[in-house]
Every structure is written in C-alpha cells, then in structure tokens.
Amino acid sequence: MEKKLNTEGGIKERNLNAKDLINVGIFTAIYFVIFFVTGMVGYIPVMMLAIPFLCPLTAGVPFMLFLTRVRKFGMVTIMGILLAILMLVFGHPWPCIITGIVFPLAGDLILRNGNFKSWSSILLGYAVFSQWITGLMIPFYFMRETYFKSLRSGYGDTYADTLMAITPTWAFGVVVLAAAAGSVLGAYFGKSLLKKHFKRAGIA
C-alpha cells in the first residue's frame, strides 16, 4: 500500500483500504434506497419532472454523512459507478453509465481540491456529482422514439403520451438546473442535521 509523509511527520495512506471500500458500499446502498424510494413518485407522469430535484435533496443527508468518512480520492467516483451499475440492472438505459462515471469523477476531483474538508468544495462537489442523474433523464429528451416505444409496452399509451408531452427536448436544461438546486438544498439540509459529524471531521 502506497503511503506518504504528511505535514506533521506522520504516515498518511494514499490508497483505498478495506475500511474505505466498506464505507463506500454501505453509503452507496443507503443512497440508492433513498434515491429509489424517492424516484417512485415518477409513477405519476407529471412528477417525473421533479425527480432530478427531489432525489439529490432527499439523498443529501446520507451523502453528507458519507463525506465525513471520505478522506481519499476515488471513494466518490466508485460510489457513482456503483449507482450507475445498479440503475442499469434495474432497467435504466445506458447513458447513466457515462454520467455515472464522468460527474462523480469530476465531483471527486473538486472534493480533493478542497482536501475533503472545505465546505465550498463539498457544496460544489455534490452539485457536480448529482448531475449523474441526468443520464437517467437523457432518454426522455434525446432518445425519444426508441425510449417511448418501450415505455408504451410497459406502462401504456396514456402514461407514455403524457410524459412525452411534458418532456420536450428544449427543456433538458431544466433537468440540469433542478439537479443542481436539489443538491445544494440537500447539502445544506444534511449539514444542518450533521453538525457534530462535520465538526468531528474537521469540515468547515
């Protein structure tokens, strides 16, 4: 395992260890369950538009708690990849794999830049991380013919037609903004509930 001297003369591990991976697994599972339960509002077509906002909002608490355990680059990226794989297994189209790698990696880099302790980096990092959700919504806006055809077979014409009417291609930017807004509110909500954890982790 690669190690380096820290500024205080001690030894600081650079690579992920078993404890780190266990934390990733536990918090990925918690995040996924909350995300999945929140996403069930999408069974009501009009509420599908709220998912990019609601999911980062409700998942903000477990993600903020996860960040009090994160000290190494790669943990957030692995979480994003695992979430994308889970979504793929549960029947979501392939774009979620791309966004599940790109945005969590970008968020991880932002968090590392703040040494995983800067609140501004955490806020921005979570907002960027949360954009992985856009991969779940891309089919509604840019793969419409194929996606809505499959949707009709599973949910019926009424559901598909309603969803198609409220997801014009030009409105994809709203998805991006909604995910950013939900993540910012979710981060502040998580921080307000986890003050002791943040203080113990040295996050300011």
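A polar contact is here a pair of N or O atoms within 3.5 Å; within protein, one atom must be able to donate a hydrogen and the other to accept it, and residues adjacent in sequence count only if both atoms are side-chain atoms. The model is predicted, so local features need pLDDT of at least 70 and side-chain atom pairs pLDDT 80 or more, while totals for chains, interfaces and linings use all residues. Numbering runs from 1 along each chain as its sequence is written, and side-chain values use heavy atoms, without hydrogens and water.

**Lysine 72**

Lysine 72 is located in the loop between helix H3 (60-67) and helix H4 (75-89), helices being DSSP runs of H or I with at least four residues, numbered from the N terminus. Its relative accessible area is 9%, and lysine 72 therefore counts as buried (under 20%, 1.4 Å probe, protein chains only). Two distances describe the polar surroundings of its side chain.

| Partner of the lysine 72 side chain | Distance |
|---|---|
| Asparagine 15, backbone oxygen | 3.0 Å |
| Aspartate 20, side chain | 2.8 Å |

**Nonpolar core**

The largest nonpolar core, a set of buried Ala, Val, Leu, Ile, Met, Phe, Trp, Tyr and Cys residues joined through side-chain atoms within 4.5 Å, has 48 residues. Those touching the most other members are Tyr31, Phe63, Met64, Phe66, Leu67, Phe129 and Trp132. Leaving aside residues up to four places away in sequence, phenylalanine 66 is in contact (heavy atoms within 4.5 Å) with Asn23, Val24, Phe27, Met75, Val76 and Met79.

Definitions and conventions:
Helix = DSSP H or I, 4+ residues; strand = E, 2+ residues; numbered from the N terminus. Buried < 20%, exposed > 50% of the residue type's maximum accessible area, 1.4 Å probe, protein only.
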